[in-house]
Each structure stands twice: as structure tokens, then as C-alpha cells.
Amino acid sequence: MTSTSSSEVLLRVNDLRVYFELDHYHQRDLRDVFVSAVTKPLSFFFQREELYFVLRGVSFSVERGMRIGVLGVNGSGKTTLCRCIAGMMIPQHGTIESSAEVRAIFDTGTGIMPELTGRENALLLARLFFPTIRDVRPIVEEAAEFSELGHFIDVPFKKYSKGMQSRLLLSLISAVPTDILILDEVLDGADVFFQKKLAQRMRSFIERAGATIFVSHSPEQIRQVCNKVMVLNQGKITYFGDVEPGIAAYLSLKAPAHAGP
Amino acid sequence: MSLRQFWIQTQDLTIASMKSRYRKTWAGFIWVVLNPLLMFGVQALVFRKFLRIDMPDYLLFLLGGLLPWIFFTTTIQMGTPVFVTQAQLLRSFKVNPWVILGAQVMDGFINFVASFVLILLPFYLFYDRSPLLLALLPLALAPLLIGTLSITVTLSILNVFHRDINFVTGFVFSLLFFLTPIFYPREFIPPGYAWVAALNPILYFIEPFRLVIHTGSLEEFLPALLKSAGVAVVFTALGFLVWKRKQNDFYLKL
């Protein structure tokens with residue numbers, strides 16, 4: 001990893017390509033597999049699956065201090081790109097060069113054990129998010145306070161509203177600075193006041209260290225959080241640069257779909 | 001993630017899972033022991049008294065096969081759907097899936113140890129066996145644990161792609177129960193059908209345990225242990241290959 005005082009590259013993505021077999025979009029029970037092997041043996045054993053490319057040669061670099069807003073219509077490859085960077089998926093082609101610590105959150109509506117309280121879930125999640133920290137209790141206490149959940153922190157997680165779940169999980173994941181933080185459409189559950197508070201917290205810890213990759217469909221959220229925009233369309237980057245031109249590029253993508261006769 | 005971090009996370013998740021379960025009902029823990037005890041009682045009655053299987057220390061023989069069988073089958077059946085039931089968690093965060101599966105297997109193993117201590121150990125001591133032989137148990141349990149974990153890995157990944165795997169597994173176990181020499185000794189199988197036992201992977205995992213508990217024969221123990229370790233290595237390699245092949249589609253299908 002190269003390192004300079006002004007633009008330290010935390011992550012370099014080179015010619016990333018990810019594809020799936022189209023058949024994999026269909027859920028098939030073993031019984032269905034058995035039926036098609038018996039009724040259509042030739043096509044079952046010899047037909048090659050069609051490939052669906054989700055990412056088609058994506059290349060970019062993330063420098064320290066960047067808050068990248070990723071925009072794109074549904075199915076443009078945003079989540080797949082984030083999962084590759086988080087190390088959850090392995091691209092079939094291309095490389096991701098990084099020694100940075102990556103933390104990622106793709107949904108805020110989930111705890112691990114719904115029967116346990118918010119605090120107990122947060123303790124467990126903190127162990128999973130921050131494996132190198134021995135005592136996670138101070139982090140959980142800080143996150144509980146930031147989330148403003150009050151006495152609800154000791155109520156079973158299953159009783160939480162979506163907004164409360166979102167508050168707790170976002171407070172927790174942003175409690176410890178990381179090199180790269182990935183947030184994939186996760187602000188939608190929180191109310192507008194908490195979104196602003198969280199955006200401020202993220203800015204403050206990005207100033208201390210790291211970078212953020214922030215996926216959203218909301219130009220307003222992108223304006224609040226980001227200083228760069230990436231537009232993905234059909235698995236390719238069509239724009240990477242300043243925020244306002246990026247939002248304009250995204251809206252021009254969407255325009256034809258909304259244009260009625 | 002280091003092995004130590006993996007172990008700490010697995011422990012935490014196992015404890016939380018047990019806490020969550022027993023907070024709902026303390027009767028759950030009684031069930032953990034009651035279930036194998038009832039199975040043992042009924043099978044002892046049927047096979048010893050009704051079918052009159054005659055061999056020395058039959059009750060110890062039966063327990064030595066039944067407890068690992070219950071551990072093996074219940075852990076696999078509880079572990080196979082774990083990625084699907086925890087799909088939202090796995091999709092939401094960068095969480096190591098193997099921690100979730102490891103915690104499930106650990107949970108099953110704790111139940112096994114509890115039923116071993118509360119049910120089998122009193123029988124073992126009653127039959128006046130040498131407690132020294134029990135020192136071999138960790139060796140006998142290692143391939144059983146690793147084999148169970150590896151098979152659960154393979155099936156839990158496949159269950160993400162074919163959601164009826166657990167039903168099929170349950171059906172296969174109900175067939176294997178009769179084909180595996182648990183309630184009858186292996187010597188009962190006629191020579192022409194010896195291949196039925198030779199092809200049964202579960203038997204390889206159970207045999208070292210039963211040799212310690214029932215037979216107490218050191219000459220038979222070592223070859224059985226080596227075979228058991230070999231089968232465990234094969235299933236570990238299989239689990240690893242299936243994960244490598246399916247890793248990308250795994251998140252897509254969850």
C-alpha cells in the first residue's frame with residue numbers, strides 16, 4: 001500500500017468482475033433437481049448455465065478521508081461491490097489491494113438473539129465487529145448513550161421498532177474508528193434527526209482516520225455525508241468525482257425510466 | 001481472524017445462544033437429558049427384553065453407541081438450517097459464518113457432555129470399569145467432533161441452495177439408524193453384508209468411543225481411532241471444497 005501525507009491510498013480495486021449463473025437466481029429444492037434430472041436428463045447434465053455479470057470491470061481507489069457515496073439503480077452492482085470489498089465475496093476476476101481494516105453493515109433490522117436485550121445483543125455484536133478489542137463493554141456503553149435509547153437498552157431486542165434497532169446498530173458500528181466503513185442503504189430506518197447526528201459522528205471519525213463507502217438512493221443523504229460520488233450502472237462505473245455532478249449523473253440515469261409517454 | 005479470536009467469538013455466541021434458550025424455559029435443559037434418557041430406556045426395553053439381544057453389559061454397549069449417535073444426528077439437524085435461519089444477520093454484517101456454525105456444534109457438544117456425565121458415567125462406574133480408560137475419551141471424541149462439524153459445514157452450505165436438505169437428512173438418518181450397529185453388535189451382520197457397515201461413515205466416528213466405554217480393548221482402539229481420523233479428514237476436505245466452490249453464490253442465495 002502506498003502512503004503519502006496528503007493522499008494515502010487505503011484500497012485499490014482493479015478490473016473487478018463478478019458473475020453468477022442465471023440458474024442460481026431460482027431456488028431449487030433437491031426434489032426439483034431430482035425431477036429435472038429424471039425428466040430432462042440431457043439438458044440437466046449438458047446444458048451450460050447462462051452467466052449474469054453483476055460487475056463488469058470496476059476499477060477505483062479509496063484514499064484516506066474520502067466519503068464516497070455510491071449511487072445506482074437497483075441491480076447495478078452496488079451491494080456486490082461492497083461485499084467484495086468487505087471480503088464476503090471473492091471476485092472471479094480482478095484484484096482488491098488493501099491492508100486496511102474494513103467494517104461493513106448492510107442492514108440494521110437485525111440482532112443476533114432477539115430474546116436477549118439490546119445491551120446483550122450489542123455486547124455480542126461488539127465482539128463480532130471488534131475482535132481485536134479485549135473489553136468491549138465501554139464501547140457498548142458509549143454506543144448505548146449515543147443511541148439515546150434510555151431504558152429501552154435493557155428491553156428484549158425483539159420488542160424494538162425498526163428505528164430503534166437501526167439507532168443501536170449504527171451507533172455501535174460507528175463507535176470505533178476503522179480504516180474503511182461500508183454503509184449500504186442503512187440510514188433509511190433511522191429518523192431524520194438521528195441521521196443528521198450520525199452523519200456528524202461519521203464525519204468526525206473520518207477526520208480522525210479512515211474512509212467511508214456509503215450506498216444510498218437518496219441524493220439528500222449523499223450531500224449530508226459524502227465528499228465524492230461514484231455512479232454505478234449495469235456493473236460499470238459511469239462517474240467518479242465531485243458530489244453535485246455525480247448526483248446529476250445519477251438522476252440523468254434515472255430520467256428515462258420516469259419519462260412517461 | 002486469528003484462531004484465538006475465532007474461539008472467543010464461538011464461545012460468546014454459544015453462551016448467548018444457551019442463555020437465550022434457557023431464558024425462555026428452564027425445562028429446555030431438563031429436555032437435553034430427558035430426551036436421550038427416554039430413547040435409551042425405550043431401546044433398552046425393546047432390544048434387551050422384547051427382542052432379547054444377548055451380549056455382556058448390553059446397557060453399556062447401547063449407551064456407548066446411542067449417545068454419540070444422538071450427538072451426531074441432532075447436531076447435524078440443528079446445524080444444517082443455521083445459515084438460513086441466521087440469513088438476515090449474515091447478509092447484514094461482515095460476520096464470519098463459521099463462528100455461527102461453530103457455536104451451533106459447540107451447543108450440541110455441551111449437551112452431549114451433559115448427557116455423558118449425567119447418564120453414561122453412572123452406568124460406567126456401576127459396571128465397575130477402570131476409570132483410567134476414560135483418559136482415552138478425548139482421543140475418541142476428537143474425530144467424532146471434527147467429523148460432525150465437517151458434515152454439518154457441507155450440509156449447511158448445501159441447504160442454502162436446496163432448502164429441503166434437512167428433510168432429506170432426517171430421512172437418511174432414519175434409515176441409517178437401522179443400518180448402523182448401535183443397538184446390535186457389528187458381529188450380527190452376516191459376512192455377505194459387511195460392506196453395509198464398511199460404507200457407513202457414522203460407524204467410524206462411533207466405534208472408538210464405544211471401544212473405550214464398552215469393550216475396553218486397547219488393541220482394537222488404535223486402528224479404530226486411525227480409521228476414524230481418516231474419515232474425519234476426508235469430510236473436512238469435502239467441507240472445505242464445497243465452501244470454496246459455493247462462497248460467492250452463498251450470499252446471493254441467502
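Let's start with disulfides: in this predicted model, the count over all chains comes to 0. A disulfide would need a pair of cysteine sulfur atoms within 2.5 Å. Take Cys82(A), which is in no disulfide; its nearest cysteine sulfur belongs to Cys84(A), 9.3 Å away. Looking from the other side, the sulfur of Cys84(A) has its closest cysteine sulfur in Cys82(A), and the 9.3 Å between them is too far for a bond.

And how do these two cysteines sit with respect to the surface? Residues count as buried when their relative accessible area is under 20%. Cys82(A), at 1% relative accessibility, is therefore buried. Cys84(A) has 4% relative accessibility, so this cysteine counts as buried too.

Now turn to chain B, where helix 2 (residues 27-50) and helix 3 (residues 58-79) are worth a look together. Their axes come within 10 Å and cross at roughly 135°. Because of that angle, helix 2 of chain B is oblique to helix 3 of chain B. If you follow the pair in your viewer, you will find that the crossing is right-handed.

Which residues make the contact? Helix 2 of chain B brings Pro36(B), Met39(B), Phe40(B), Gln43(B), Ala44(B), Phe47(B) and Arg48(B). From helix 3 of chain B come Tyr58(B), Leu59(B), Leu62(B), Leu63(B), Leu66(B), Leu67(B) and Ile70(B). Sorted by class, the contact between these helices of chain B has 12 nonpolar residues, along with 1 polar and 1 charged.

Conventions. Residues are numbered from 1 along each chain as its sequence is written. Chains are lettered from A and ligands numbered from 1 in the order in which they are written. This is a predicted model: local features need pLDDT of at least 70, side-chain atom pairs count only at pLDDT 80 or more; totals for chains, interfaces and linings use all residues. Side-chain values use heavy atoms; hydrogens and water are left out. Axes are lines fitted to C-alpha atoms, for helices over the stretch in contact, and angles run from 0 to 180 degrees between N-to-C directions. Helices (H or I, at least four residues) and strands (E, at least two) are DSSP runs, numbered from the N terminus. Angles under 35 degrees count as roughly parallel, over 145 as roughly antiparallel, 65 to 115 as roughly perpendicular and the rest as oblique. A crossing is left-handed if the near helix is turned anticlockwise from the far one by less than a right angle, and right-handed if clockwise. Contact means heavy atoms within 4.5 Å. Ala, Val, Leu, Ile, Met, Phe, Trp, Tyr, Cys and Pro count as nonpolar, Asp, Glu, Lys and Arg as charged, and the others, Gly among them, as polar. Buried means under 20% relative accessible area, exposed over 50%, partly exposed in between (1.4 Å probe, protein chains only).
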